[in-house]
Amino acid sequence: MSVNFDNPYSFFSTIREVLAKYGLPPLHQLQETIPLKTSWKFVVTKKVNNHWYNTLLDDAESKTTLKYMDTKHFVIGINHPVWNIHDKTKVHIRKAIIKARILSGTFILDSDRAKFNQSPTSLCQLCRLSDEDITHFHLDCPLSAKSRTTYFGPIKEGIIQNTVAKTWPGLFNNKLDIIRLIIDCRHFTQLFTDTNLMETIEASTRKLCYRLHIKCLKMLKVVDGLKKTLLDQQIKAKDICLSIVLSSVDPKCVAKANRGNCQFYRCFEQQRQCGKSGYLIGYGYKYCNRFKSFYSSFTTAGKKWIDCVRPCLTKALIGKYQESLGPGQKCNQLKTYAFDTHVKCYLDCGFCDVYTSNISALRKVLSFSDLLSTDALKQIIKVGKECIFG
Ligand SMILES: [Zn+2]
């Protein structure tokens, strides 16, 4: 021992530390008076238990999660009554686990989740009337009222019958004490001198906590199911609405096309939604209006040609409008198709007879620099050349 005195890792140094840690007599004292085995065992057990009891107590006092646990009756080496399960079936073990989690503050409620940003709200997801904290869960949530009446009623009745008069109204007239009774009835050890009553209360509160937990889970499942059904219905309704919108072929819009009304392009656009630079708004609607604006610049024959071309072009698109495609669908295809109809309408309406006499008016209408108007101008010039040169 004297050889290894300075070595902190030696056996004797460790023994010296252990003795000091638990407040046991130092080595030299034990060497002088060697204690009897039985009395030494007794002293060691007492000192070790005492050390851990005080450590546990200090730890528990600093932890807010243990505020509902009775720490006065900690006994080292003896389980908390929550684990006194006579019937060791799965369901009874589960009840003890739930109660132990509530007791140790590890049973997470929505108010706890919200604190750690794991839930967007601290509100009870069932009733949404107030925060889901330990009081709300055990005593207040109206949606668990039936389970509470069923399982808490007998606990209250048992206390009233087995304690002196006025114990219940005198002691349990506030929520905090009722919560303490439910979570750890050892708070009232002095009151419940009958150990059978303590055991009954412990077992009953285990059952109550478990039932509240299960009830909550079941209702949340129902709520989730309802939310899902509602969401499905909303999606379905949205689809139906969308399909109604998409499939709607407005006869008024068709009538506008038959009359060569420029507004046809707008109602067609409402259905197809090819955008501002799409054919319907970017070309059809724009040039329909520009031909109207520069109408007076055309010769009489040119005006007749416009009166003929306008309905020819809109009528040619009725079939496309009646296809009822979804927003943004086949916009390029629509543009190509529409441009192809131009040539036929121009020629059928006698373009070759009016082209040369109305060329300056045509230029006024087509004096745009965007892509579609350039295409249109090239197309008209090409058709005009064919009129002239065959
Ligand atoms: Zn609630």
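Begin in this predicted model by selecting Tyr265, Phe268 and Leu280, which, of the 29 residues in the largest nonpolar core, touch the most other members. Colouring by helix then shows where the core comes from, since α11, α12, α13, α14, α16 (331–348), α17 (351–354) and α18 (359–365) each supply at least two residues of it, and α13 gives the most, with seven residues. Apart from this core lies another, of 25 residues, and a selection of Val82, Ile102, Phe188 and Tyr210, which are among them, will bring it into view.

Return now to phenylalanine 268 and display its surroundings: leaving aside neighbours within four places in sequence, phenylalanine 268 is in contact with Cys253, Leu280, Leu317 and Tyr321.

Next, select tyrosine 285, which has its place in helix α13 (residues 279–293). Is tyrosine 285 buried or exposed? Tyrosine 285 has 20 C-beta neighbours inside 10 Å, and because a residue with 20 or more is classed as buried, tyrosine 285 counts as buried. Beyond the neighbours within four places in sequence, the contacts of tyrosine 285 are Cys262, Tyr265, Arg266 and Leu280. A distance monitor drawn from tyrosine 285 to cysteine 331 should read 15 Å, C-alpha to C-alpha, for a pair that is 46 residues apart in sequence.

Move on to helix α11 (residues 251–259), and highlight Cys253, Lys256 and Ala257, which are buried. Looking down the axis of α11, you will find that its buried residues fall within an arc of 100°, so they line one face of the helix. Those buried residues pack against α12 (263–272), α14 and α15 (318–321), whereas the face turned away from the buried side carries the exposed residues Pro251, Lys252, Ala255 and Asn258.

Keep α11 on screen and add helix α14 (residues 300–315): the axes of the two helices come within 6 Å and cross at roughly 145°. On the α11 side the contact is made by Ala257, Asn258 and Arg259, and on the α14 side by Pro311, Thr314 and Lys315; by class, this contact has two nonpolar, two polar and two charged residues. Just after α11, select glycine 260, which takes a positive phi of about 75°.

Finally, zoom out and colour the chain by its domain assignment, which gives domain 1 (11–62), domain 2 (81–231) and domain 3 (251–389). To close the tour, place centroids on the C-alpha atoms of domain 1 and domain 2, whose centres lie 40 Å apart.

How values were computed: Residues are numbered from 1 along each chain as its sequence is written. This is a predicted model: local features need pLDDT of at least 70, side-chain atom pairs count only at pLDDT 80 or more; totals for chains, interfaces and linings use all residues. Axes are lines fitted to C-alpha atoms, for helices over the stretch in contact, and angles run from 0 to 180 degrees between N-to-C directions. Helices (H or I, at least four residues) and strands (E, at least two) are DSSP runs, numbered from the N terminus. Two residues are in contact if their C-beta atoms, placed from the backbone, lie within 7 Å. Ala, Val, Leu, Ile, Met, Phe, Trp, Tyr, Cys and Pro count as nonpolar, Asp, Glu, Lys and Arg as charged, and the others, Gly among them, as polar. A residue is buried if 20 or more other C-beta atoms lie within 10 Å of its own, exposed if 12 or fewer, and partly exposed in between; C-beta atoms are placed from the backbone. The arc is that of the directions from the helix axis to the C-beta atoms. Domain bounds come from an automatic or database domain assignment. A nonpolar core is a set of buried Ala, Val, Leu, Ile, Met, Phe, Trp, Tyr and Cys residues joined through C-beta atoms within 7 Å.
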